[in-house]
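Here's a quick walk through one protein model, starting with a pair of helices and then zooming in on a couple of residues. Have a look at the structure first.

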Amino acid sequence: MKVLLRFLSTAVLMAGHGLSFSFSASSTSLAPCTRANPTRQQKAKSHEKAKRNVALSVSTRQNLEGYDMEELMRSSVEKTRFEANYVPFDEEKWLAHRASDRFYRSLFNFNMSPIVESLVDEVGVLMALSVCIIVWNGLLIEGFSDFSGLHHEALLAANPLVPNFKLTLPIEPSLIGGGPLGFLLVFRNDASFARYRSAFHLWENILAKLSNMLLMASNASADKHQVRNLGVASYVLCRTLQHQLSGLNDPTERYEQDVKHMLPTQQQADALLTARNKLYRAQYDIHRAIEPFTDEITMLDKRTLINTVNEVAAACIECERLYKTPVPLLYTGHTLKFLTFWMTSLPFALYDVFASSWNHIGLVPGVAIMAFLFFGIEEIAVSLEEPFSILPLDEFVEEFQESIEDVMEWMTISENEKDDESLEAVERGAAAADETVEKQSSEETVPVNGKK
């Protein structure tokens, strides 16, 4: 038997090597033809790409069928998800976060978690499955015990029409599958948290660079109108990026209202709102707002402002990439299938483990706790995978808008201080001139021999 298995494995390996060799040889033989006619290759690639895009769009449309997106957005799970993921901390919250009783507080606040709320259906199904296993094995196969502890034989054990098999599985496959499943979940959460951290870092860079650019312009120019135009263009860029990353969380009517409120003319608002790529148009408006500073700043400072805008544009593209490209769907789908099959087989594997409990009733809460823990790990990864719906983008954009008003106020105060300094300088100059005149007149009227 061992010899036969070894022979079969060797044959499979040789077949694999032969297949790879034949494929490489055929590709090598076709290489001159491919180089001789690159147009045909490009057409074939474009045709295959179009077919693949059509297939992906069809599969995506089929996956979205049956979902009411507005209802999902209004669900309490989504609202609780946002409120529970981002909480601004101060010193008091940090002290409570590090308190020694945090384990007990977390345990007793179990029902307040958005993870618990979103996993009620899955856990309910597994609990129902556990009850069915207990009822089947107790009533039909093994018998059951009443509340007094008296054991009763199976009700239909002697009936030949009832299949006589016990709903149970050995626990070893579950133990073996738990290790690979743990690795899949850990890598899944690590990738999702990296996306969350990257999104937060990108928004911090965008706001910091635009704020510094506004401060540089306000210090280099005394024209408050041009500085405000630059600040408004920067705000519109942030607001447009927020709108594109928020989806249904940010209605179009609200976005258009904010843009029209900030832009000075209706023409500018219409040019932005009717643009094919609104974010690209917002970047163009920032470059136009920088141009009037040419006469007041050096070419080096202007180049610094332009480079800042280019860095912000790169960060915006990175944010769009994060929003449009999830963790590879093959990895996510396989992890979900693995976790679902493993959790579904768990009640069968744990049935004999709870044999010491009354009628194996301990299986139900045990499976429920395991389901909350394992499904909860995957739920955390899903919550962090798309980070922009849980980041406080409203607060970020509003804070930048307030920064524009602060800069305008500081420029007004600085202008008034310069006017006061100029007035004081004029007054000091006039006083010095009067003092000089008085000194000269006094020297001319000095008495000589007691006579003027």
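Helix α9 (residues 172–220) and helix α14 (residues 299–324) pack at an angle of about 160°, with axes 10 Å apart. Axes here are lines fitted to C-alpha atoms, for helices over the stretch in contact, and angles run from 0 to 180 degrees between N-to-C directions. Helices are DSSP runs of H or I with at least four residues, strands are runs of E with at least two, and both are numbered from the N terminus. That makes α9 and α14 roughly antiparallel to each other (angles over 145 degrees count as such). The crossing of α9 past α14 is left-handed, that is, the near helix is turned anticlockwise from the far one by less than a right angle.

On the α9 side, the contact (heavy atoms within 4.5 Å) involves R195, S198, A199, L202, W203, I206, K209, L210, M213 and M216. From α14 come T304, L305, T308, V309, E311, V312, A315, C316, E318, C319 and L322. By type, the residues of this contact split into 14 nonpolar, 3 polar and 4 charged. Nonpolar covers Ala, Val, Leu, Ile, Met, Phe, Trp, Tyr, Cys and Pro; charged means Asp, Glu, Lys and Arg; the others, Gly among them, are polar.

A word on the ground rules: this is a predicted model, where local features need pLDDT of at least 70, side-chain atom pairs count only at pLDDT 80 or more, and totals for chains, interfaces and linings use all residues. Residues are numbered from 1 along each chain as its sequence is written, and side-chain values use heavy atoms, leaving out hydrogens and water.

Now for two residues, with contacts that skip neighbours up to four places away in sequence. Buried means under 20% relative accessible area (1.4 Å probe, protein chains only).

| Residue | Helix | Relative accessible area | Contacts |
|---|---|---|---|
| C319 | α14 | 0%, buried | L202, W203, I206, L241, L245 and F388 |
| S130 | α8 (residues 120–142) | 0%, buried | P347, L363, V364 and V367 |

C319 and F388 are 69 residues apart along the chain, yet their C-alpha atoms are separated by 8.9 Å.

Zooming out, the protein has 17 helices and 2 strands. Of its 452 residues, 29% are buried. Among contacts with a separation of 6 or more, 76% link residues 24 or more positions apart.

Technical notes:
Angles under 35 degrees count as roughly parallel, over 145 as roughly antiparallel, 65 to 115 as roughly perpendicular and the rest as oblique. Buried means under 20% relative accessible area, exposed over 50%, partly exposed in between (1.4 Å probe, protein chains only).
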